[in-house]
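Dear colleague,

Please find below the structure that I am handing over to you, followed by a short account of what was found in it. I would suggest keeping the view open while you read.

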Amino acid sequence: MKLVSVKRVGGDKEFVAVFQRADGRTKTTRFGTASNYVSNPDKTKKDRENYIKRHRVNEDFNDATSAGALSRWILWGESRSFEKNVRAFKRRFNL
């Protein structure tokens with residue numbers, strides 16, 4: 001699987017990720033809101049920790065194509081940089 005693109009599109013879910021499968025088909029996943037660690041400078045590390053604790057119960061952070069994993073690792077990742085978090089996401093999942 002390959003991550004083709006991740007971009008902000010607006011709407012109910014602010015972001016969209018496009019994956020290309022080995023057979024050439026694509027999978028599109030919409031995820032995230034404007035209220036996240038990367039986009040919102042008012043969010044703190046404590047907010048980030050709380051987000052992870054709150055969503056760990058219901059989300060699969062290990063399925064790269066899931067909205068939960070995309071939000072966790074890109075929008076609520078280690079860095080406040082969208083680009084850095086996308087690179088880290090690609091490394092984490094070998095995309």
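**The sheet and the helices on it**

L3 has F19 of β2 as its bridge partner. Please note that the model is a predicted one.

This pair belongs to the contact between β1 and β2 (residues 15–20), two antiparallel strands joined by six bridges. As a general point, strands of a sheet pair through backbone hydrogen bonds, in either a parallel or an antiparallel manner. On to the next pair of strands: β2 and β3 are also antiparallel, with six bridges between them. Here F15 is matched with F31 of β3 as its bridge partner.

Taken together, the three strands make an open sheet, ordered β1-β2-β3, with antiparallel pairing. Why is one side of β1 (2–8) and of β3 (26–31) left without a neighbour in the sheet? Both stand at the edges and each has a single partner strand, so nothing in the sheet adjoins the other side. On average, neighbouring strands of this sheet are turned by 15 degrees against each other, direction ignored.

Two helices meet these strands. Helix α2 (residues 67–75) packs on the sheet and touches β1, β2 and β3; its direction makes about 65 degrees with that of β3. Helix α3 (residues 82–92) lies across β1 and β2, and runs at about 160 degrees to β1.

Finally, the hairpin of β2 and β3 has five residues between its strands. In this hairpin, G24 adopts a positive phi near 95 degrees.

Yours sincerely

Note on methods. Residues are numbered from 1 along each chain as its sequence is written. This is a predicted model: local features need pLDDT of at least 70, side-chain atom pairs count only at pLDDT 80 or more; totals for chains, interfaces and linings use all residues. Side-chain values use heavy atoms; hydrogens and water are left out. Two strands pair if DSSP finds at least two bridges between them. Helices (H or I, at least four residues) and strands (E, at least two) are DSSP runs, numbered from the N terminus. Axes are lines fitted to C-alpha atoms, for helices over the stretch in contact, and angles run from 0 to 180 degrees between N-to-C directions. Contact means heavy atoms within 4.5 Å.
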